[in-house]
Amino acid sequence: MTEDTALYVYALLPDRPDAADGVTGIDGRPLRLVRVPGTSVAALVHDAAPAPLEGSDDQVRRWVEEQSRAVDTVWERTGSILPMTFNVLVADEPSPEDRPAAGRSAERRLTEWVTEQAADIGGQLEDLAGRCELRVDITVDRTTTTAGDTGEDAPESGPDGLSPGMRRLMAKQREHRARNAAGQLADTLHAEIRHRLLSLAEDYRDRGPTHRVAGETDVLCAALLVRREDIDTVGTVLTELRARQPAVRIRFLGPWPPYSFIDTRHRARAEEMAP
């Protein structure tokens with residue numbers, strides 16, 4: 001069995017002695033805090049072999065979900081957290097050949113780095129305290145947009161008896177009208193909803209759609225940084241929009257740790273200490 005000479009790092013967080021109590025991570029590994037003397041910061045880790053995790057797509061997906069659940073649990077306890085990406089390892093430092101015991105341990109390397117960056121890390125944690133990330137994905141259903149539209153090109157006698165070519169042409173014309181109508185509605189709604197969300201969010205990031213659905217036109221896909229007490233207000237704005245616009249489809253996700261609003265310099269530095 002490979003000796004655990006590395007630390008798998010899940011996150012940086014405020015130093016709360018009981019934050020990791022009873023929390024398990026990837027493959028059920030027990031998590032612990034590496035506390036950094038002289039700072040208010042700790043690292044959430046499990047002891048690991050000095051090699052990245054590798055597996056099938058399904059296995060990696062499961063590991064990522066387990067890591068996310070662990071981060072979410074600790075975030076709920078501490079109120080602020082800086083998550084790492086998947087597979088961030090800090091390994092023991094290789095020893096020079098003439099001094100076999102001279103290399104720094106993984107824990108020492110991690111604590112020295114956190115100490116150097118403590119002011120920046122602590123500032124981020126303070127800024128994000130009590131904040132969460134929400135994802136809002138809004139589309140327009142093209143079928144609903146044109147409901148009741150008989151179409152200017154529909155003959156009075158209906159489609160019976162029309163050639164296959166004429167039916168295809170009529171179908172394309174209907175699709176074209178639906179796309180145009182949905183696009184016009186999406187353009188109108190985008191500015192309005194973006195303005196409303198910006199008035200509630202402390203930060204806002206446009207994102208690509210979380211997933212695409214056939215027959216829908218994109219209006220807006222965004223990540224919002226909001227105070228926890230404002231979550232219900234965002235939900236109310238979206239509920240009112242849905243009531244006014246039956247063609248609108250809304251996907252409202254979260255609350256999550258603020259993954260989209262973190263300065264990623266701490267991640268890049270941690271990755272430099274990988275084996």
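The following exchange asks how several descriptions of this predicted model are justified.

User: Why is R32 called partly exposed?

Analyst: Buried means under 20% relative accessible area and exposed means over 50%; R32 has a relative accessible area of 27%, so it is placed in between, as partly exposed. E107 has 33% relative accessibility and therefore also counts as partly exposed.

User: What makes the contact of R32 and E107 a salt bridge?

Analyst: The rule asks for a side-chain nitrogen of Lys or Arg within 4 Å of a carboxyl oxygen of Asp or Glu. The side chains of R32 and E107 meet at 3.1 Å, N to O, so the pair satisfies that cut-off. The two residues belong to distant parts of the chain, with R32 in strand β2 (residues 32-35) and E107 in helix α2 (residues 106-116), 75 residues apart. By this rule the count comes to 19 salt bridges, and E93, R104, R108 and E112 are linked in a network of them.

User: Why is the pair of E202 and R131 said to tie together separate parts of the sequence?

Analyst: E202 lies in the loop between α5 and β7, whereas R131 is in strand β6, so their salt bridge joins parts that are 71 residues apart in sequence. The closest N and O atoms of E202 and R131 are 2.9 Å apart, which is within the 4 Å limit. E202, at 42% relative accessibility, counts as partly exposed, and R131, with a relative accessible area of 22%, is partly exposed as well.

User: How do you know whether R227 and E229 are buried, partly exposed or exposed?

Analyst: R227 has 34% relative accessibility and counts as partly exposed, while E229, at 55%, is over the 50% limit and therefore counts as exposed. These two residues form a salt bridge with the closest N and O atoms 3.7 Å apart, a value that is also within 4 Å.

User: Why is β1 described as largely enclosed?

Analyst: Of the 9 residues of β1, 9 are buried, so the strand is largely enclosed by the rest of the structure; buried here means under 20% relative accessible area.

User: What makes β1 and β4 count as paired strands?

Analyst: At least two bridges are needed for a pair, and 2 bridges join β1 to strand β4 (residues 82-83), so the requirement is met, with the strands running antiparallel. In this pairing A11 stands opposite P83. β1 is also joined to β5 by 3 bridges in the antiparallel sense, where Y8 has L89 as its bridge partner, and to β3 by 8 bridges, again antiparallel, where L13 stands opposite A42.

User: Why are β7 and β9 called edge strands?

Analyst: The open sheet of 4 strands has the order β7-β8-β6-β9, with antiparallel pairing, and β7 (203-206) and β9 (248-256) each pair on one side only. The twist averages 20° from one strand to the next. β7 pairs with strand β8 (residues 216-227) over 4 bridges, and D203 stands opposite L225 in β8.

User: What makes L224 part of a nonpolar core, and which residues is it in contact with?

Analyst: Such a core is a set of buried nonpolar residues joined through side-chain atoms within 4.5 Å, and L224 is listed with Y10, L44, I138, L197, L220 and V226 as having the most contacts inside the largest one, which has 45 residues. Leaving aside neighbours within four places in sequence, L224 is in contact with residues including C132, L134, V136, L197, V234 and F261. Apart from this core lies another of 23 residues, among them V9, V34, V88 and I121.

How values were computed
Residues are numbered from 1 along each chain as its sequence is written. This is a predicted model: local features need pLDDT of at least 70, side-chain atom pairs count only at pLDDT 80 or more; totals for chains, interfaces and linings use all residues. Side-chain values use heavy atoms; hydrogens and water are left out. Axes are lines fitted to C-alpha atoms, for helices over the stretch in contact, and angles run from 0 to 180 degrees between N-to-C directions. Buried means under 20% relative accessible area, exposed over 50%, partly exposed in between (1.4 Å probe, protein chains only). Contact means heavy atoms within 4.5 Å.
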